Amino acid sequence: MLKGLGALGDMAGMMKKAQEMQGKMAQMQEDMASIMVEGMSGAGLVKATCTAKGELKGLDIDPSIFNGDDKEVVEDLILAAIKDAQTKATERAQEEMAKLTEGMGLPADMKLPF
């Protein structure tokens, strides 16, 4: 009687999966705010900590690098540590997204949100 409407059942299933994914995406966004990554420069003399969302949360500078003549070097080390932390945050966010998409049966390299 409803043989030709098989696709409608598939549509309902797809909608349910989309809602599940939306919920998991929201949870992942919350989780990203609590995942911390650390970037370093100068063999660990400068360390920057940020969330997986890329928000800088902390900066640790070894006092041995403070010398009035080395102001530019210190600034460069700070910037390098922050950039390293942000790069690691982006990588971690991509890893978490890959876990989510694989769990939903989507290709691992699928970029979300669109």
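Reader: Arg92 and Glu96 both lie in helix H2, 4 residues apart, which is about one turn of the helix. Which kind of contact do the side chains of Arg92 and Glu96 make?

Author: This is a predicted model, and what follows should be read in that light. A salt bridge is counted when a side-chain nitrogen of Lys or Arg comes within 4 Å of a carboxyl oxygen of Asp or Glu. Here, the side chains of Arg92 and Glu96 meet in a salt bridge, at 3.1 Å from N to O.

Reader: Which other residue meets Glu96 in a salt bridge?

Author: The side chain of Lys99 also meets Glu96, with 3.3 Å from N to O. Lys99 and Glu96 are 3 residues apart in helix H2, so about one helical turn separates them. Through shared partners, the salt bridges join Arg92, Glu96 and Lys99 into one network.

Reader: Which members of this network are buried, and which are exposed?

Author: Burial is judged from relative accessible area: under 20% is buried, over 50% is exposed, and values in between are partly exposed. Glu96 counts as buried because its relative accessibility is 16%. Arg92, at 29%, is partly exposed, whereas Lys99 is exposed at 54%.

Reader: How many salt bridges does a search of the whole structure find?

Author: The search finds 5 salt bridges. One of them pairs Asp84 with Lys88, whose closest N and O atoms are 3.5 Å apart. Asp84 and Lys88 also lie in helix H2, 4 residues apart, or about one turn of the helix. Asp84 is partly exposed, with a relative accessible area of 24%, and Lys88 is partly exposed at 30%.

Reader: In what order do the elements of the protein chain run?

Author: From the N terminus on, the order is α-β-β-β-α. The protein chain thus holds 2 helices and 3 strands.

Reader: Which residues make up the largest nonpolar core?

Author: In soluble globular proteins, nonpolar side chains tend to be buried together. In this model, the largest nonpolar core has 12 residues, among them Val37, Val46, Cys50, Ile65, Leu77 and Ile82. Strand S2 (46–51) and helix H2 are the elements that give two or more residues to this core. Its largest share, 7 residues, comes from H2. Over the protein chain, buried residues make up 25% of the 114 residues.

Reader: Is Leu79, which lies in helix H2, buried or partly exposed?

Author: Leu79 is partly exposed, because its relative accessible area is 48%. Leu79 and Val46 are 33 residues apart in sequence, yet their C-alpha atoms are 9.3 Å apart in space.

Reader: Which residues form patches on the surface?

Author: A patch may be built from like charges or from nonpolar side chains. Asp69, Asp70, Glu72 and Asp76 gather in a patch of negative charge on the surface. Asp70 belongs to the loop between strand S3 (56–61) and helix H2 (71–103), and it is partly exposed, with a relative accessible area of 30%. A nonpolar patch on the surface is formed by Met11, Met14 and Met15, which together have about 330 Å² of accessible area. Met15 is found in helix H1, residues 6–32.

Reader: Which residue has a positive phi although it is not a glycine?

Author: That residue is Ala43, with a phi of about 55°. Ala43 is placed in the loop between strand S1 (36–41) and S2. With a relative accessible area of 87%, Ala43 is exposed.

Definitions and conventions: Residues are numbered from 1 along each chain as its sequence is written. This is a predicted model: local features need pLDDT of at least 70, side-chain atom pairs count only at pLDDT 80 or more; totals for chains, interfaces and linings use all residues. Side-chain values use heavy atoms; hydrogens and water are left out. Patches are made of residues with over 30% relative accessible area and no salt bridge: like charges are joined within 9 Å, nonpolar side chains (Val, Leu, Ile, Met, Phe, Trp, Tyr) within 5 Å. Accessible areas come from the Shrake-Rupley method with a 1.4 Å probe; for residues, only the protein chains shown count as cover. Lys and Arg count as positive and Asp and Glu as negative; His and the chain ends are not counted. The place of a charge is taken as NZ of Lys, CZ of Arg, CG of Asp or CD of Glu. Buried means under 20% relative accessible area, exposed over 50%, partly exposed in between (1.4 Å probe, protein chains only). A nonpolar core is a set of buried Ala, Val, Leu, Ile, Met, Phe, Trp, Tyr and Cys residues joined through side-chain atoms within 4.5 Å.
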